[in-house]
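Here's an informal walk through the structure you're about to see. Keep it open while you read.

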Amino acid sequence: MEYVDLLKGELHDLVQPLSLKLTQLETRIEETEAELHELRALKNSLTSVVYKLDPSLAPPPQIKRNGGRGKNEGQISQAKLNEFMDWLNRNRDQINAGVGIYASGLLDDPDFTVIRNGSSISKALALFHERGILVIDSVGAGGRKNFKVV
Amino acid sequence: MFSIREFRDLDILVKLRESGPILSRDLASELGADEYGSVIGRRLGWMRHYGMLERNDGSLWSLTDAGKRVVFARKRAALMQELGELPEEELIEVMAEVCARYRLGNPMIATMLRREFVFGTQR
């Protein structure tokens, strides 16, 4: 046991300078972060003053497309949307006779080949809902929306 | 769950067209609500206030004549295609016409237009 204690003591002595260095590094990082924070605050207040004195220097405001909800129609081509629309029209009776359609269901359906990406299907469904082509028929487990064709 | 940011008025109107007169409890169940609460009642109450729905003595909810006209109005495919192909800049004029209808037209339709804007823009 004495040997083990001796080893522990030696290891402790070996680690101590490294531990000290680590503490110094942490202190240095904290100081640098505090300085960076102060510099950013100073930059923001200076920028604000400059833009007030000369508004022409201010960048144009960024406009959020589609209310900032990320439903950017541009991500799905119009051709795909038209194809999806045709599919809806062809399958209207079948869709409306059942529980409706939902994104994950279409993704799992091997016969649905118009769009093979879950996110794009969700976006297209939301878009058709906004345009009054689809209506929410019910909301399933976990908030899944089942749509039917108007 | 039944906020106008989640469900368009048209969603509920179409559901009522399919179901016919219905109790709010049953409507909530058909729409997938786990439990019946006052939320659907409040939504239906506002829709009645705006003239889209009515409730008879047996507490059954149904479409008003004006509500039926909205649900049964079918968009002309040619018009929708034309609207879809309009350059964005020309939509300003379309919006101006919609705004004019909002101010001068049927109050129920004006309310639905306003609520559509809330739904569509989530604002």
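What follows is a tour of the two chains, one after the other.

## First look at chain A

A quick caution before anything else: this is a predicted model. Chain A holds five helices and two strands. Start at the N terminus and you'll meet the elements in the order α-α-α-α-α-β-β.

How much of chain A is buried? Of its 150 residues, 23% are. The chain exposes about 10800 Å², and carbon and sulfur atoms supply 57% of that area. As for contacts in chain A with a separation of 6 or more, 46% come from residues 24 or more positions apart.

## A helix with a buried face

Take a look at helix α2 of chain A, residues 78–90. With 13 residues at 1.5 Å a residue, α2(A) should span 18 Å, and its end C-alpha atoms are indeed 18 Å apart, so the two agree.

Which residues of α2(A) are buried? They are Leu81(A), Phe84(A), Trp87(A) and Leu88(A). Looking down the axis of α2(A), you'd find these buried residues within an arc of 120°, so they line one face of the helix. The general background helps here: an α-helix has 3.6 residues a turn, so residues three or four places apart point the same way. Flip to the other side of α2(A) and you'll find Ala79(A) and Arg90(A), which are exposed.

And what covers the buried residues of α2(A)? The cover includes the helices α3 (92–97), α4 (103–108) and α5 (118–130) of chain A, along with the strands β1 and β2 of that chain.

## The hairpin of chain A

Now move on to strand β1 of chain A, residues 134–139. Six of its six residues are buried, so β1(A) is largely enclosed by the rest of the structure. Its partner is strand β2 of chain A, residues 145–149, and the two pair in the antiparallel sense over five bridges. To pick out one of the pairings, find Ile136(A): its bridge partner in β2(A) is Phe147(A).

Between the two strands, the hairpin has five residues. Gly142(A), in this hairpin, takes a positive phi near 70°.

## Over to chain B

Chain B has seven helices and three strands. Along the sequence, its pattern reads α-β-α-α-β-β-α-α-α-α.

Of the 123 residues in chain B, 33% are buried. About 7800 Å² of chain B is exposed, with 53% of that supplied by carbon and sulfur atoms. Among contacts in chain B between residues at least 6 apart in sequence, 61% join residues at least 24 apart.

## The sheet of chain B

In what order do the three strands of the open sheet in chain B lie? The order is β1-β3-β2, and the pairing is antiparallel. The edge strands are β1 (22–23) and β2 (53–55) of chain B, each of which pairs on one side only.

Strand β3 of chain B, residues 60–63, is joined to β1(B) by two bridges. In those strands, Ile22(B) has Trp61(B) as its bridge partner, while Leu23(B) is partnered by Leu60(B). Three bridges join β3(B) to β2(B). Trp61(B) turns up again here, with Arg55(B) standing opposite it. The hairpin of β2(B) and β3(B) has four residues between the strands, and Ser59(B) in this hairpin takes a positive phi near 65°.

## The helix that packs on the sheet

Where does helix α1 of chain B, residues 9–19, pack? It packs on the sheet, touching β1, β2 and β3 of chain B. The direction of α1(B) makes about 110° with that of β3(B).

Why is α1(B) described as largely enclosed by the rest of the structure? Because eight of its eleven residues are buried. The buried residues run from Asp9(B), Leu10(B), Asp11(B) and Ile12(B) on to Leu13(B), Val14(B), Lys15(B) and Leu16(B). Just after α1(B) comes Gly20(B), which takes a positive phi of about 75°.

Terms used: Residues are numbered from 1 along each chain as its sequence is written. Chains are lettered from A and ligands numbered from 1 in the order in which they are written. This is a predicted model: local features need pLDDT of at least 70, side-chain atom pairs count only at pLDDT 80 or more; totals for chains, interfaces and linings use all residues. Side-chain values use heavy atoms; hydrogens and water are left out. Buried means under 20% relative accessible area, exposed over 50%, partly exposed in between (1.4 Å probe, protein chains only). Two strands pair if DSSP finds at least two bridges between them. The expected span of a helix is 1.5 Å times one less than its number of residues. The arc is that of the directions from the helix axis to the C-beta atoms. Contact means heavy atoms within 4.5 Å. Accessible areas come from the Shrake-Rupley method with a 1.4 Å probe; for residues, only the protein chains shown count as cover. Axes are lines fitted to C-alpha atoms, for helices over the stretch in contact, and angles run from 0 to 180 degrees between N-to-C directions.
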